[in-house]
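Open the structure in your viewer and keep the selection panel at hand. Each stop below says what to select and what is there.

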Amino acid sequence: MRLDIRKATVAETLIDLGARMGVSMGGVEACKGKATPLSGQFTLREALDRVIRDRGCAYAFVDSRTIRFTAARPAAPERAVIAVRAPSTDEPIAPLAPLIISAGKRPARLGSLPGGVSVIGSPQLQDTGVDETGSVARQTAGFITTNLGAARNKILLRGLSDGTFTGRTQSTVGTYLDDVPVNYNAPDPDLRLIDVDRVEVLRGPQGALYGGGSLSGIYRIVTRAPELGAYSASVTAAYAFTESGSPSHRLEGVANVPIGQKSALRGAYYYDVDGGYLDDVNLRLSNVDKTTRRGGRLAWRAELGQWEVKLAAAGQKVSSNDTQYVTLAPGGPRRANQVRETHYNRLAETSLRISGSGDWGRFVSVTGYVDHQYASRYDATLAVTQFDGRAVELGLYDELAHVRMAVEDALYTGPAVGRFRWMIGAFTATSIEQGDAELRARSSGVTRSVYDEDRKDRLNEYALYGEATYDLGGGWKIAAGGRSFKTTVHTRSYVLAPPPGQSRDLDRKATFNGFSPKLSLQRDLAGGGLIYILTSEGYRAGGFNSGGLAKPSASLRVFSPDHLRNYEVGATLNPWNGRVNLRTALFYDDWRDIQTDQYFSSGLSYTANIGNGRNKGLEVEAAWRATRHLTISGNALFNRPKLTNIAPGYGIANTASLPGVPDVSFGSLITYQRAILTHATLMLTAETGYIGKSRLTFDPRYSPSMAGYYTGKLSAQVMTDRWRAALFVSNPWNSSSDTFAYGNPFSFGQVRQVTPQRPRTWSFSLTANF
């Protein structure tokens, strides 16, 4: 490829080279000194060798598209001496390590793309004990999850909430495992973050590149690819103790096995048990909310000249013995249900990725298949008692959903021609969701069916999308993109509801078409920063309501598509020779025909368009390498979400806000690391987060306040090349504040539900690397 790169430092040159060549580069801060211009025709290896010559570093290919840099090893001394390290006081403080993100459909340095983008790399994930979705929230601006329980939660980004319930409305945040979407309208599967290279978060609508279901952003888990030519393995065991709860334990293992010179196999397995901490006084059971999770991944990768093939599979099973909310009673918070509210979530995913690159450009094809099953049980006694004339001893609601989804995403990126860059893609997806919901009542020892629905939804989506960027000169770039899409929905439903209910059938189809645009203007700054302005859109398709004891009214039988338009200005700055990284954005979002999951008085759900809304706010992320040993980072979101136009018939006050969205949330992380012996390192971390107060529903008049609480985690770790021992303390001040969650729709409005934080938990883990 012909290159013309003129940067101030070697690290900046390598990052620019990686972005142009379409490869990820990690650890470039190991290469010191000023850069020499890179101009001419080079292969990737030729360019690397030229850039790092005599710069005190070396590189190795993790795979054909990922390169890691390390400091060149000095010659070994004649005899080893164990001593405390004492670095020279005049040693310069290294800049923050740059990160690569590929959620923009092409590799790029974090901070070089317009928009709200966050990345948590593998070292930080491991150092801070981030192993599930909820832990990401403290380290990412505007990232909030509900707290109903593992594999039951919703993810909310940038203060954009369609409600606290999870029903048939498509998710506002797209969850991806590598390049495959793994969620549609189900709760977040809460995939275990084991053997992960990084987590990427894109805030704001991503309809142009990712289509429906990315209305407020993308949450993407990027796994570690099999490494060629290197055997490696690790095993981790952990034990945790929760005050006033039962113990937890975890076991996980990872192995990488090369197969010949051009292929490799990588696998990971994990088994977790989270002990319960709530007692049910009615059932006379202790620590009822125990959760078990097991799963793993297996990937095979092969290099075939300019082409690469990766075949991967992943699976996870989560089972919870009960939910984790309590109710407020005269004697204080307590749990007193008639039945245990169990939950089961199973996800299986397979994918085939074929990619190739050369002077002709770059092509990537991803074919994926997802099989997702989940089931929940609720105590529906209070709801059934409201409409059933007979005395009810027990009400039960069971729901089961089975989603099968096949996707194909093909993307071609053209070769660089002067100042012009472009890419074009095609996407198709087919999903089939089969659901069964049953409401039963027991009277005089006899159990009878009050409501039973069998429903099947088939969705097909077809889309063409693309993006083009033109370098205007002087550091200015303009980019335009968009997605033309067509979505078809076919719903069949069969409802059996004895009187006072109404049995009925439904068979309806609909087609939704549209175009989702994106436009940005940016100026690149010295030191890798930029300023930008951006507008983008997101959307969700419409659908049909079929549930309820009686046939839905004419106004509720169909819900329309909704869409969100985003306007944003932002900047990325890297002052103090790269020791500080600051990313900030000021945004305004206009949300039309908001889809939301609501509930009838029976506790059964439906989807409605509740009106129009908006949100405006400021998000900030910053990191500072204060000394060679100390790094401080923080994030914050300040926003004012509001319902601006309310659909008739809901009786909501004009002062309504978006539910579950605090005006303020922030987090911080302090990391201290230094060598204590020749081959050992001590690391200390302190992490905290704050979730401001919000309301459970759209209408503040009848909605209880929740949140307004702090979270936190402390750790101390000792690491060598072979071992890592870590001690973590979660919720160190043992707060029991009401977290952002909603427990049971069948008792909403009749009892006040509260979801306390997990009590103070001490955990110890030991990892061995081979």
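Start by selecting Leu-265 and Trp-300: Trp-300, in strand S18, is the bridge partner of Leu-265. Bear in mind that this is a predicted model.

Next, select strand S17, residues 263–274, together with S18, residues 291–304. S17 and S18 pair in the antiparallel sense over 12 bridges.

Now add S19, residues 307–320. S18 pairs with S19 as well, again in the antiparallel sense, over 14 bridges. One of the partners to look for is Ser-320 in S19, which is bridged to Thr-291. S18 and S19 form a hairpin with two residues between them. In that turn, select Gly-305, which has a positive phi of about 70°.

Stay on S18 and ask how many of its 14 residues are buried. The count is 10, so S18 is largely enclosed by the rest of the structure. Then select Leu-304, also in S18. Is Leu-304 buried or exposed? Its relative accessibility is 54%, and because the cut-off for exposed is over 50%, Leu-304 counts as exposed.

Leu-304 leads to a nonpolar surface patch of about 1100 Å², whose members include Tyr-231, Leu-265, Trp-300, Leu-304 and Trp-360. Strands S16, S18, S19 and S22 each supply at least two residues of the patch. S18 gives the most, with three.

For the last stop, select helix H2, residues 44–52, where Leu-44, Ala-47, Leu-48, Val-51 and Ile-52 are buried. Looking down the axis of H2, you will find these buried residues within an arc of 110°, so they line one face of the helix. Just after H2, Asp-54 takes a positive phi of about 60°.

Conventions. Residues are numbered from 1 along each chain as its sequence is written. This is a predicted model: local features need pLDDT of at least 70, side-chain atom pairs count only at pLDDT 80 or more; totals for chains, interfaces and linings use all residues. Side-chain values use heavy atoms; hydrogens and water are left out. Patches are made of residues with over 30% relative accessible area and no salt bridge: like charges are joined within 9 Å, nonpolar side chains (Val, Leu, Ile, Met, Phe, Trp, Tyr) within 5 Å. Accessible areas come from the Shrake-Rupley method with a 1.4 Å probe; for residues, only the protein chains shown count as cover. A salt bridge is a side-chain nitrogen of Lys or Arg within 4 Å of a carboxyl oxygen of Asp or Glu. Helices (H or I, at least four residues) and strands (E, at least two) are DSSP runs, numbered from the N terminus. Buried means under 20% relative accessible area, exposed over 50%, partly exposed in between (1.4 Å probe, protein chains only). The arc is that of the directions from the helix axis to the C-beta atoms. Two strands pair if DSSP finds at least two bridges between them.
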